[in-house]
Amino acid sequence: MNDERLTVAQAADGTGAPQPDMSEPGRADRLLPPEQPEQPEPPRKRKRRGPGPVTLLLLPAFVTVTGVAAFLALGGLPGQATDDDSAADPSAAVDIDPSYIPWLRKAASACTVLEPSVLAAQIDQLSGWSDDSDELSGQKGIAAFTDDEWRTWGKDDDGNGRSSPRDPADAIMALGRRDCSLAAKVTELRTEGRINGDLVELTLAAYAAGPDAVTEAGRVPSAARTYLDEVQALVPRYEALDREDSGGAGGTAGALLTPPVSPLTITSPFGSREHPLTGVTKLHTGVDFAAPQGAQVVAARRGRVVFAALTSAYGNRIVIDHGTIQGKRVETTYSHLSSLETAVGQTVEAGAPIGRVGSTGLSTGPHLHFEVVLDGYYTDPRPWVVPDGV
């Protein structure tokens, strides 16, 4: 994520995408009637009486009403529909910044042992998704790295020119690398018969207590049990992230967006660079995909076209509003097109043709400049489109 933000004015001159837009008182003071002396009554035999006619009429109704109320209080019929959308949509339980999702998937794809839900649960346990520092331990960022740990595992994964544990994308990828390294070690130890157990549990145990403690115990050591139990209790909250179709893009497994061109060959990634024509060093707000003149460009996700016109810098440019995903507005842009095959206001499906590759605007040759805009801010498109980050 970076601090360059789009505005409507920028879209007009071709420098960015548009922003789509309470006891009754006095009761204790009442006078009571004077007490009367009790008069003895002659003893008499009391008769047993059955229920009166009113009771006979009202009792069944009372029982019925009471039973129905209790039934409803217990939840009604099995499988009864509710108005809670989160009960019907498991992904609604995932309450994290949606820009983290592609990075979780990309980090987990580095080894077969990990799932995005496990990484997300780890971060939840470590920091609760807060990037505040722990002054006592020196841990920083959402993945709680110390400076020494960061020197081993940290990289500038989002290409913004700096490597920092406070950068969520960098932190997620670093945690994935660390976990995958631990997974490789415990896999080897289990293959050699030196330890036993589930690989995910052993990996998390190695993270908490170290590989040596796992090796010495031959299983998950007691020192790691609390951490392991806490992470596993959080995993169900994030299991929707593991679904290949989560996000509904219909694209590559684990990705949120369909590739806008095929094949995907990146000639210039997202990040700081010197513009080949202007010579100005600034943020390259998208990725450039190599493609021949006239190659088909398709919508990366279902959405509504909010901009389709010629601009000075981007040439023929299309902006598609994909609506709100986990509380954030997601848009994609397609620039330097040779032709526009859609119009403002049109709703397009993922994979639908929208234009052709070209070299209009400030361009050195045919290619597609593709951007992902999250709540008005540019973000690296690569993990959104392809989980292994071509």
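Guide: A strand is a DSSP run of type E with at least two residues, numbered from the N terminus. By that rule His336 is found in strand S8. The model is predicted.

Visitor: What is unusual about the phi of His336?

Guide: The phi of His336 is positive, about 65°, although the residue is not a glycine.

Visitor: How do you know whether His336 is buried or exposed?

Guide: Buried means under 20% relative accessible area. His336 has 5%, so it counts as buried.

Visitor: Where is Thr332, and what is its relative accessible area?

Guide: Thr332 is placed in strand S8. Its relative accessible area is 0%, which means it is buried by the cut-off of 20%.

Visitor: Which residues does Thr332 touch, leaving out those up to four places away in sequence?

Guide: Contact means heavy atoms within 4.5 Å. On that basis Thr332 touches Leu257, Ala300, Ile318, Val319, Ile320, His322, Phe370, Glu371 and Val372. For one of these, Glu371, the separation is 39 residues in sequence and 5.5 Å in space, C-alpha to C-alpha.

Visitor: Why is strand S12 called largely enclosed?

Guide: S12 covers residues 367-374, and eight of its eight residues are buried, so the rest of the structure largely encloses it. His367, His369, Glu371 and Val373 point one way, while Leu368, Phe370, Val372 and Leu374 point the other way, and all are buried.

Visitor: What makes S8 and S12 a pair?

Guide: Two strands pair if DSSP finds at least two bridges between them. S8 (residues 328-337) and S12 have six bridges, in the antiparallel sense, so they meet that test. Val330 is the residue opposite Leu374 in S12.

Visitor: How many bridges does S12 have with S4?

Guide: Strand S4 (residues 287-290) is joined to S12 over four bridges, also in the antiparallel sense. Against the requirement of at least two, that counts as a pair. Here Asp288 stands opposite His369.

Visitor: Which strand forms a hairpin with S12?

Guide: S13 does, with two residues between the strands. S13 spans residues 377-379 and pairs with S12 in the antiparallel sense over three bridges. Val373 lies opposite Tyr378 in S13.

Visitor: Why is Asp375 called partly exposed?

Guide: Partly exposed lies between the cut-offs of 20% for buried and 50% for exposed. Asp375 is at 28% relative accessibility and therefore falls in that range. Asp375 sits in the loop between S12 and S13, and has a positive phi of about 50° although it is not a glycine.

Visitor: What makes S5 and S9 the edges of their sheet?

Guide: The open sheet has three strands in the order S5-S11-S9, with antiparallel pairing. S5 (296-298) and S9 (339-340) each have a single partner strand, so one side of each is without a neighbour in the sheet. S9 is joined to S11 (residues 353-356) by two bridges, and the two run antiparallel. Two bridges satisfy the requirement of at least two, so S9 and S11 count as a pair. One of the bridge partnerships is that of Leu340 with Gly355 in S11.

Visitor: How do the axes of H5 and H8 cross?

Guide: The axes of H5 (residues 116-127) and H8 (residues 199-209) come within 12 Å and cross at roughly 30°. Angles under 35 degrees count as roughly parallel, so H5 is roughly parallel to H8. The crossing is right-handed. Val118, Gln122 and Leu126 in H5 meet Val200, Leu204 and Tyr207 in H8. Those contact residues divide into five nonpolar, one polar and no charged.

Visitor: What is the corresponding angle for H5 and H10?

Guide: The axes of H5 and H10 (residues 225-234) cross at roughly 120° and come within 8 Å. That angle lies outside 65 to 115 degrees, the range for roughly perpendicular, and is not over 145, the cut-off for roughly antiparallel, so H5 is oblique to H10. H5 passes H10 in a right-handed crossing. The contact brings Val118, Ala121, Gln122, Asp124, Gln125 and Leu126 in H5 to Tyr227, Glu230, Val231 and Leu234 in H10. Of these residues six are nonpolar, two polar and two charged.

Visitor: What is the omega of the peptide bond from Ser262 to Pro263?

Guide: Omega is near -5°, and the bond is cis. Pro263 is in the loop between H10 and strand S1 (266-268).

Conventions: Residues numbered from 1 in each chain as written. Predicted model: local features only at pLDDT ≥ 70, side-chain atom pairs only at ≥ 80, totals over all residues. Heavy atoms only, no water. Buried < 20%, exposed > 50% of the residue type's maximum accessible area, 1.4 Å probe, protein only. Axes fitted to C-alpha atoms, helices over the stretch in contact; angles between N-to-C directions. Left-handed = near helix turned anticlockwise from the far one by under 90°. Nonpolar A, V, L, I, M, F, W, Y, C, P; charged D, E, K, R; others polar.
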